[in-house]
Amino acid sequence: MTGAPDSLSLLRHVQQQPSTMSQLTPLTQQLTRRPQRMALLEQIAVQGSITRAAKAAGLSYKAAWDAIDELNNLSEKPLVERSVGGKGGGGARLSAEGERLLALFKRMESLQAHLLESAESEQDLERLGRLMLRTSARNQLSGKVVAVQAQGRNDLVDVELPGGARMRAQITHDSSEKLELTPGGGVIALMKAGWLSVQPLGVQPDPQMNALEGRIEAILPDDEGPSEVRIALANGQTLCALAEPAQLEADGLRAGSMARALFAPSLVLLGTPL
């Protein structure tokens, strides 16, 4: 593919943050900067339904699913356990990890109020907000670095996802140094939905490509373009890819089918937790 952004330009934003923010993780940023997502978790605990929880939190059904996918992807363990097509549009409940996180954030609310009161001006809060990155990449997977292999000016970074699945990212050696990548260190892999292709498991994958297998959770058609394909991985993380309806039909892929998401290592952007 052409037109993919240079990894280094994104990495500068992701990794160059002040030491005072070093204890915040991407998951923490998602919940503190986007309070509707915290409200969604609270309502899932109360309602037991994605549809009702989304309505109570002021989100559309699709936005609620997007939020759940992203939060589960950024957590070491899924925060929300769901069943597709249950009563009220899909049953859902918080996992033990989700309940623990919800209880922690309730305790943090009073501390947050004290923190905001300590800011000397509105500009302080605006400056703080600019330092907490949002990204347009639909796929954000947490993992840990297994190895960094030098390849000329580039490095090939082996990343292990929760559950043991592996993927690779090809970034510049300078980027690896700026991110201080070392085996065992936490990392976030980011890929835009348009950079992923979907194929049935019966097709032999290209050995040069990343290949993550899972079950198609949903196919969301779009009258003006390719369909959005959500693929649930065995570890609870979810990938979002774009595919033409005709190709999905030709491959016999539909909701419930096992499938493989393919993407090139050069199209994987990496970031490290703050």
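## Exercises on helix 5 and its surroundings

The axes of helix 4 (residues 50-57) and helix 5 come within 9 Å of each other and cross at roughly 100°. The structure is a predicted model.

**Exercise 1.** Determine how helix 4 and helix 5 are oriented to each other, and state which residues make the contact.

*Solution.* Step 1: the crossing angle is roughly 100°. Step 2: angles of 65 to 115 degrees count as roughly perpendicular. Step 3: helix 4 and helix 5 are therefore roughly perpendicular to each other. Step 4: helix 4 contributes Ile-50, Thr-51 and Ala-54 to the contact, while helix 5 contributes Tyr-61, Ala-64, Trp-65 and Ile-68.

**Exercise 2.** Compare the span of helix 5 with the expected span, and decide whether the helix is mostly covered or mostly uncovered.

*Solution.* Step 1: helix 5 covers residues 61-74, which is 14 residues. Step 2: from first C-alpha to last, helix 5 reaches 20 Å, close to the 20 Å expected at 1.5 Å a residue. Step 3: a residue counts as buried under 20% relative accessible area. Step 4: eleven of the 14 residues of helix 5 are buried, so the helix is mostly covered. Among the buried residues are Ala-64, Trp-65 and Ile-68.

**Exercise 3.** Describe the open sheet, identify its edge strands, and place helix 5 against the sheet.

*Solution.* Step 1: five strands form the sheet in the order 5-4-3-6-12, with antiparallel pairing. Step 2: strand 5 (166-172) and strand 12 (269-271) each have a single partner strand, so one side of each is left without a neighbour in the sheet. Step 3: from one strand to the next, the twist averages 45°. Step 4: strand 3 (residues 139-151) is joined to strand 4 (residues 154-160) by seven bridges; Val-148 has Val-157 in strand 4 as its bridge partner. Step 5: helix 5 lies across strand 3 and strand 6 (186-191), and runs at about 40° to strand 3.

**Exercise 4.** Locate Lys-77 and classify it as buried or exposed.

*Solution.* Step 1: Lys-77 lies in the loop between helix 5 and strand 1 (80-83). Step 2: the relative accessibility of Lys-77 is 53%. Step 3: exposed means over 50%, so Lys-77 counts as exposed. Step 4: Lys-77 and Asn-235 are 158 residues apart in sequence, and their C-alpha atoms are 8.0 Å apart in space.

**Exercise 5.** Report the confidence of the model for the chain and for residues 1-24.

*Solution.* Step 1: the protein chain averages a pLDDT of 81, and 74% of the residues score at least 70. Step 2: over residues 1-24, pLDDT stays under 50.

Definitions and conventions: Residues numbered from 1 in each chain as written. Predicted model: local features only at pLDDT ≥ 70, side-chain atom pairs only at ≥ 80, totals over all residues. Heavy atoms only, no water. Helix = DSSP H or I, 4+ residues; strand = E, 2+ residues; numbered from the N terminus. Expected span 1.5 Å × (residues − 1). Buried < 20%, exposed > 50% of the residue type's maximum accessible area, 1.4 Å probe, protein only. Pairing = 2+ DSSP bridges. Axes fitted to C-alpha atoms, helices over the stretch in contact; angles between N-to-C directions. Contact = heavy atoms within 4.5 Å. pLDDT = per-residue confidence, 0-100. Parallel < 35°, antiparallel > 145°, perpendicular 65-115°, else oblique.
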